[in-house]
Amino acid sequence: MIRKAVLPVAGFGTRCLPASKAIPKEMITIVDRPVIQYVVEEAIAAGIRDIVFVTSSNKGAIENHFDTHAELEASLEAKGKHDLLASLRAMVPDDVNIISVRQGEPLGLGHAILCARPIIGDDEPFAVLLPDVLVDNSDTSRSDLQGMLEAYGQHATAQLMVEEVNWELVEKYGIVAPAGEVPAPSCSADLLGMVEKPARDQAPSNLAVIGRYALPAAIFPILAKTPPGAGGEIQLTDAIETLREQQGVQAYRMRGTTYDCGQPLGYLEATLAYARRHPDLGDDFKALLARYHQGG
């Protein structure tokens, strides 16, 4: 079973400016916690025990968020705020390791993942979770990430998590080309390739890659030899295509709902979804929404 995950968090977050000018976009809050915390919780719940942040010089707030804050904890203890203290201490279980490595230059997603090679090693598979996307599995019996990792274990083949999107929106995504029938939810299918942002009439399917991957360590030497592609950056997509040619790649079709928190509207939609079912704030939030709706 995959126990290691890479979270690339070094980007500037330009789609979220000006909110992301002074703080990492991953630290923008959804209800009562930053978006990155939801992604880390998703990884931990799926069995991940080593989480590698690939950061840059302006992302120290992410590392601080998951570090121990002795003075704050002592203050909460002294004030008898035991529930808050427990929630802070539960963020990173004792058997989970948070590790950070730097991406010195913004040379692309493929390069960011390559920066984690000294930590992950060349002997075992790993997951990649892009923190721009929240995967909401509140209405499913298990998480899509857990299902994808199990599919990797079953097939011993790289997995790309995909979501069915409206055909009118395919030009906004990387779209996969299944080798045969489109996989059923929670199932995998072999791929013939991927097409980046195809026109509606040229899209091989309406299954979009959404930022969750299960990859073999063989991706590292491929990335090391992958020349710069679009934008002069080392593209993960190019390396995955080489991997597909060498040993095959599959698409794992998810069941849950995604929220694109790489742009402001996605944050707002995620806030609505997560706030409505929050155990403490949900009822009051729904009443607040009703009041604004009545006000037109």
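**Rings, helices and buried residues**

Biologist: In this predicted model, which residue lies over the face of Tyr38?

Modeller: For an arginine to count as sitting over a ring, its CZ atom has to be within 6 Å of the ring centre and within 35 degrees of the ring normal. At a distance of 5.5 Å from the centre of the Tyr38 ring, the residue that lies over its face is Arg33.

Biologist: How many aromatic pairs are there, and is the pair of Phe53 and Phe66 stacked, tilted or edge-to-face?

Modeller: Rings pair if their centres lie within 6.5 Å, and by this rule the count comes to 4 aromatic pairs. The rings of Phe53 and Phe66 have centres 5.5 Å apart and planes at 40 degrees. Planes under 30 degrees apart would be stacked and those over 60 edge-to-face, so this pair is tilted.

Biologist: Where in the chain do Phe53 and Phe66 lie, and how many residues apart are they?

Modeller: Phe53 belongs to strand β4 (residues 50–55), whereas Phe66 is in the loop between α2 (60–65) and α3 (70–78). Both Phe53 and Phe66 are buried. Their pair links distant parts of the chain, the two being separated along it by 13 residues.

Biologist: What kind of aromatic pair do Tyr259 and Tyr274 form?

Modeller: Their ring centres are 6.1 Å apart, and the angle between the planes is 70 degrees. Because an angle over 60 degrees falls in that class, the pair counts as edge-to-face.

Biologist: Which elements hold Tyr259 and Tyr274, and which residue lies over the face of Tyr274?

Modeller: Tyr259 is in strand β13 (residues 257–260) and Tyr274 in helix α10 (residues 264–276), 15 residues apart. Tyr259 has a relative accessible area of 8% and Tyr274 one of 11%, and since buried means under 20%, each of them is buried. Ring pairs also join Tyr259 and Tyr274 with Tyr38 in a cluster. At 4.5 Å from the centre of the Tyr274 ring, the residue over its face is Arg277.

Biologist: Are α10 and α11 roughly parallel, roughly perpendicular or oblique to each other?

Modeller: The axes of α10 and helix α11 (residues 282–294) come within 8 Å and cross at roughly 125 degrees. Where they meet, Leu272, Ala275 and Arg276 of α10 face Gly282, Phe285, Lys286 and Leu289 of α11, a set made up of 4 nonpolar, 1 polar and 2 charged residues. As roughly perpendicular covers 65 to 115 degrees and roughly antiparallel begins over 145, the helices are therefore oblique.

Biologist: How many of the 11 residues of helix α1 (residues 35–45) are buried?

Modeller: The buried residues of α1 include Val35, Ile36, Tyr38 and Glu42. Gln37, another residue of α1, has a relative accessibility of 8% and so counts as buried; leaving aside neighbours within four places in sequence, Gln37 is in contact with His65, Phe66 and Met91. The helix is largely enclosed by the rest of the structure, because its number of buried residues is 9.

Biologist: Is Val176 buried or exposed?

Modeller: Val176 lies in strand β9 (residues 174–178). Not counting residues up to four places away in sequence, Val176 touches nine residues, among them Val162, Leu191, Met194 and Ala251. With a relative accessibility of 0%, and with under 20% as the cut-off, Val176 counts as buried.

Notes: Residues numbered from 1 in each chain as written. Predicted model: local features only at pLDDT ≥ 70, side-chain atom pairs only at ≥ 80, totals over all residues. Heavy atoms only, no water. Phe/Tyr/Trp six-rings, centres within 6.5 Å; stacked < 30°, edge-to-face > 60°. Helix = DSSP H or I, 4+ residues; strand = E, 2+ residues; numbered from the N terminus. Buried < 20%, exposed > 50% of the residue type's maximum accessible area, 1.4 Å probe, protein only. Contact = heavy atoms within 4.5 Å. Axes fitted to C-alpha atoms, helices over the stretch in contact; angles between N-to-C directions. Parallel < 35°, antiparallel > 145°, perpendicular 65-115°, else oblique. Nonpolar A, V, L, I, M, F, W, Y, C, P; charged D, E, K, R; others polar.
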